[in-house]
Amino acid sequence: FSHPGLDRALQWDLRHGRDVVDALVSHVAEQSERDRLTAAAAAAWARIAPLADDLPRQAAHIDLTDANVVVTRIAGAAPRPDGVIDFGDLSDTWAVSELAITLSSVLGHAGTTPASILPGIRAFHAIRPLSAVEADALWPLLVLRTAVLIVSGAQQAALDPDNDYVTNQSEDEVRMFEQATSLPIDTMTGVIRAELDMATTPA
């Protein structure tokens with residue numbers, strides 16, 4: 001579906017992710033961390049930009065993360081998703097952003113590695129197949145998302161230092177970024193393509 005209200009610019013829309021990092025990175029205290037965030041966002045954007053015009057767009061929630069999925073907990077079983085809340089960021093944007101954002105939240109959990117996102121990719125692809133262009137954009141978008149989270153959190157902490165929600169999230173967001181930048185973009189893109197049985201070029 002479409003609606004005029006979905007055509008807006010939000011800092012959580014990864015189409016604007018590089019600009020968000022550049023605008024807000026000054027809120028990060030350590031220069032070395034600012035440099036890492038800027039470099040990661042630039043490297044991710046260098047992969048995304050050539051693909052941008054070929055990425056399908058649609059209405060997307062763009063915040064399907066732990067904080068916004070309602071679950072039922074049953075003793076001895078994994079939590080069962082029941083619903084989604086917080087549609088405040090709903091936008092017309094790249095469809096694959098939805099998956100990249102959700103998968104980034106997986107990496108915030110202790111014990112996960114970059115490979116922990118693969119079941120999510122398989123599940124998404126089984127219902128809504130990813131194109132080769134989307135497969136190539138997925139990991140760079142995830143890297144960009146983690147950088148956006150850190151700089152946005154740093155800005156919010158500066159504006160509202162007593163906000164426990166912001167400060168409690170920061171450790172998970174740093175973990176997401178560390179996981180997302182622990183492997184070269186080409187490596188994870190090759191892994192994703194292999195997972196989806198898509199031809200890949202030699203690394």
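Me: Where is Phe 87 found?
Reply: In this predicted model, Phe 87 sits in the loop between β3 (80-84) and β4 (91-94). Strands are DSSP runs of E with at least two residues, helices are runs of H or I with at least four, and both are numbered from the N terminus.

Me: Which residues form a nonpolar patch on the surface?
Reply: Phe 87 does so together with Val 69, Val 71 and Val 84, with about 290 Å² of accessible area together. Patch residues have over 30% relative accessible area and no salt bridge, and nonpolar side chains (Val, Leu, Ile, Met, Phe, Trp, Tyr) are joined within 5 Å, like charges within 9 Å. A salt bridge is a side-chain nitrogen of Lys or Arg within 4 Å of a carboxyl oxygen of Asp or Glu. Areas come from the Shrake-Rupley method with a 1.4 Å probe, and for residues only the protein chains shown count as cover.

Me: How is the model to be read?
Reply: Residues are numbered from 1 along each chain as its sequence is written. Local features need pLDDT of at least 70, side-chain atom pairs count only at pLDDT 80 or more, totals for chains, interfaces and linings use all residues, and side-chain values use heavy atoms, without hydrogens and water.

Me: New topic: is Thr 146 buried or exposed?
Reply: Thr 146, in helix α5 (residues 132-159), is buried at 0% relative accessibility. Buried means under 20% relative accessible area, exposed over 50%, and partly exposed in between (1.4 Å probe, protein chains only).

Me: What is Thr 146 in contact with, leaving aside neighbours within four places in sequence?
Reply: Its contacts (heavy atoms within 4.5 Å) are Ser 104, Met 176, Phe 177 and Ala 180.
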